[in-house]
Amino acid sequence: KPHELHAPKSFLGRVFQNMACKNLPFVVQEKEHENQTWYTATFTDPITKERFPSGLGQKINAEKRMGSGLRIPLHLAETRVLDGKVYYLEGRLAEHAAAARAIDCYMFREGNADTNRVQLCVEEPYETTEDGASQEIDYDALLAQRNLVCAHTPQEDKISTRLLRQQKKYANDVSPYDEVSKMETCEDDLPVLAFSFAKEPIEVTKVNKYLSTMGRIAEIWTHDAGLDSSSGASSQWPMKSTREHENTQPPSAKIESILDWYERVNSRPQSSGEAIALAQLCNKILAALGNANSELHLDENESHVDVRAAAETILRKIIRLSNRFDDENDSSFLDADTFNAYMHCFSQLDPTSCAESAEDLLKNMVNHKEFNGINLPLPNVDTYNSVMSLWALVDGTDGQNGVNNIYSLLEGASLGGRDNFSPRPNAETFKTLLAVNSKIDGRFSFDRAKAWLSKINHISRSVCGEAFIPDANIYSAALRSLPKTSSANLADTQYAKSWLRYGHQYDGGFKSVNEDSNAEADNISKWLLYAEESGVNPNTEMYEAIILAWTKMGTKDGLLIAEDWAKRAVSSSSPIRLETFHPIISAWALCQSERAPARVKEWCASLETLSATKPHLKPDLDTLSAHIIAWRNVQAKTISSNMLEDVEMTFAAAQNCMQYLGEIFSDESQLDSSHDTDAMISMLTHTIESWGCASRFSLVHPTSSASLDASHGVHEMLKIARLFDAKIDEEELDEERAQHMLRLMGESYAEIISQLHQIDSAVDYDGADTTCYFSEEIDDVERMLRDYVFYSRKHLSQSNFTPESKDLRHRLFKELLRGFAGVKSSADYGHVVRLCELIMNHLSWQDEQCHGSGDGHADITDIYVDMALLKGTVVKDPHERMHLLTSLWNNASPFFERRRRFDASSNYAKVDRSRLIGAMRMAMGDSEETEPFLRTFEKRERPQKKKARGNTQSAMTFVREMMKSKSDARAGRGVSSRARQSIPWKAG
């Protein structure tokens, strides 16, 4: 078959296999050239013993089918002609080239008059061995001709110059000559690719005329937000979009919005039309709630929210509408889909209990049992699919058995029904079956998946009465992760909530090869190739699954293979996304290899090129931050070696971080969201850490170079603080961007001050010549604090009082006070006292501005305790110390817990007065004035006893008694003894 010629060695193997020749003899020779190893091969005919050398491959005019050719066609492979022989970068390619030369000669000898024959090599074929030996070949001319043809090759046909390792035989009927390519460690640049995209049609949303304005808005909202889809199984794909929470709400926010909309549209309809419209809207809201609840379970960054009670409220509303306006339980009000959505609102915190509850409801629907005064509708196929999807969330064999049991019920209902209305398995059914049954002990198994795909085909024919044609969605369903496995062992890592977690296996360096670890990746690779051979184009999810599987190994070989698959994804027609490349980029960023930063930069540059035609592939700040993280990890590995000669490398790493940060920070237009701000904070803090680590390392291994000492590192670190100088006085920043900038300032300043303290802590201060860098740079430290306070007041907003904002502010203050504790020079004591006063004044100002909007739970006792102890250290005069401590107490007093019922407490924060008094006692020391001084504050702390009063009755009681006494007087009676005792001036 002509298309088989695209893999010459495999084609030749099949030919000789028919002639009972099992092993084809190839001899591969190596040669070093241009610092690379090149390969040439010779094929020996097993019958005639004629030898054929590697030829120079050319583009062939033959049909090409998916999976039938080489990953790098011979005419695109790099070649060298050395000593009259053709060499390739891979031995496998050289073997294919030798097979191609032999095929040309065989075909030429069988029909030399055929001018339309396919020729695989640019060299002319020959008739006999003697003709071949005497043939003179001008390779310079042939190479020029070949390069001219390649220059006009369509760009999308050009792919990576390193082959995939994974082309394996995946079925018994595949020729044994289908080879597995060898792994190489060379790292080639990505190809420049161009893509074109068709515009999607615009869908017009129709709204119900019976709904109120708010109801119509709600209906459009549920439609446009993608919340009104059926309650089928949610995708359990492990890779989340870094932009997802910018473009859409997180699941918990969706739930809050959904319930808020329900409260707005919940009303009493006045007609049947209004009732039907409201019931349909409530059904959509219920479906939206179920989908959001499913997303909540799959989002590892979200906390649990129980929505079942709210779902029951909405369901009861629909039932009441049905009972009032339709006695026949018309499907306009509620049907099986209503209860399908309700199932997805069950709490998935305990997946087994959730699935069991859904299964019970399904069985009640099958038996048409009563529910809240109505007969349950019969289940449809989506009901079975919903229960199967919930069982799929259960780990292990329990989940598999649960899914298969529900399918058995569906099959029984399908075969037992004698009409067209009986539920039949559909694509969602088959995807769930394949997803859970393609795993063995939580790992994907190619053989298991292939067997189940065959079984599903049989089910489709026998139950549905039609042939099953699997598409890319079916194949990708087999690769879906089982629940609770994608984030295993990540809770304690610093990247647990970052996309860098996809490369956490590389944190600390490359791991050794483990055959068990790559078994699953091999199986997934075979599955993708099997899909291609079946005529299915792999989709994005399949490529992402295979990339994740190879990076999951933690080895260098695994990472390079993942790169090959990523390059192949680029050259495919699949709609790849930026997140497709995150496992690879994060692996390089964390692996500590000296090659890693350059490799990360190469990937970002390639993605930037791809974004010219596919804008969503443009690297965002989060992706770009991987370059700095890569340098920081290279530095960490260097420091761990603890060698004197590595000092230069630690500073070089810091300088590279600094240079890249300067390029990125200059473009402030990128700070459009909190997500971008998080990425920029990561770059800033990692760069500051790099200078701090280099400075500390230089103190342990001092050198004579001025550019390799701690002073230089500190100087560079303070340059980062100066990046904000131009931002502080800007007037045109909108409020949101100003708050992002305030976060950047706070995080950067806190990290700089922390690093100064750590540098000082890295050496002992026994020697008189020891430098205290915090003291030396205390003017800059004060400037940072004043800039932060100024900018915070200038751009005051309610976001200043969120727990996150307060935590950052208080952490900055604590880092300052920790640094002050290391100040040894009395000349700097004035700075310490002055900055403590600035901190107290700012806390008081924040408290005044809070106006009841704060949570009042932030505990700032540590800040005041540290300031009290500092004043005890730096202020030597006891009277001045008492004065400053009194001022401290007065400043802290608004934050004390109020002991009396009607006293107002701070809405901003709280301070423990007992701990503060203890710190003040320590600050005063053994002075004779300590106890008399503190006694005044302890008296303030001790609640005063209330004096007994004669008037123990309320004012209204007094009025009533007076009116009663007057009434008694009119009746001629005297005041009763009880009333007499109640009147204050009589009681005395």
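## Helix packing, cores and two loop residues

Helices α21 and α22 run roughly antiparallel to each other. In this predicted model, α21 covers residues 596-610 and α22 covers residues 621-641. Their axes lie 8 Å apart and make an angle of about 170°. Angles over 145 degrees count as roughly antiparallel, which is why the pair is described that way.

On the α21 side, the contact is made by Ala596, Pro597, Val600, Lys601 and Cys604. Facing them in α22 are Thr623, Leu624, Ala626, His627, Ala630, Trp631 and Val634. By type, the residues of this contact are nine nonpolar, two polar and one charged.

The largest nonpolar core contains 223 residues. Phe339, Trp527 and Tyr864 have the most contacts inside this core, and helix α8, residues 272-298, gives the most residues to it, 12. Another core lies apart from it, with 38 residues, including Leu24, Ala77, Leu93 and Val122. In soluble globular proteins, nonpolar side chains tend to be buried together.

Leaving aside residues up to four places away in sequence, Phe339 touches Leu315, Leu334, Leu361 and Met365, along with Phe371, Ile374, Leu376 and Pro377.

The table sets out the lengths of α8 and α31.

| Helix | Number of residues | Distance between end C-alpha atoms | Expected at 1.5 Å a residue |
|---|---|---|---|
| α8 | 27 residues | 39 Å | 39 Å |
| α31 | 22 residues | 32 Å | 32 Å |

For α8 the span agrees with the expected value, and for α31, residues 829-850, the span is close to the expected value. Of the 27 residues of α8, 19 are buried, so α8 is largely enclosed by the rest of the structure. Helix α31 is also largely enclosed, because 16 of its 22 residues are buried.

Two loop residues have a positive phi. Most residues other than glycine have a negative phi. Lys49 has a phi near 65° and sits in the loop between β2 (36-44) and β3 (51-53). Its relative accessibility is 56%, so Lys49 counts as exposed. Asp441 has a phi near 55° and belongs to the loop between β8 (439-440) and β9 (443-444). Asp441 is exposed as well, with a relative accessible area of 79%.

How values were computed
Residues are numbered from 1 along each chain as its sequence is written. This is a predicted model: local features need pLDDT of at least 70, side-chain atom pairs count only at pLDDT 80 or more; totals for chains, interfaces and linings use all residues. Side-chain values use heavy atoms; hydrogens and water are left out. A nonpolar core is a set of buried Ala, Val, Leu, Ile, Met, Phe, Trp, Tyr and Cys residues joined through side-chain atoms within 4.5 Å. Buried means under 20% relative accessible area, exposed over 50%, partly exposed in between (1.4 Å probe, protein chains only). Helices (H or I, at least four residues) and strands (E, at least two) are DSSP runs, numbered from the N terminus. Contact means heavy atoms within 4.5 Å. Axes are lines fitted to C-alpha atoms, for helices over the stretch in contact, and angles run from 0 to 180 degrees between N-to-C directions. Angles under 35 degrees count as roughly parallel, over 145 as roughly antiparallel, 65 to 115 as roughly perpendicular and the rest as oblique. Ala, Val, Leu, Ile, Met, Phe, Trp, Tyr, Cys and Pro count as nonpolar, Asp, Glu, Lys and Arg as charged, and the others, Gly among them, as polar. The expected span of a helix is 1.5 Å times one less than its number of residues.
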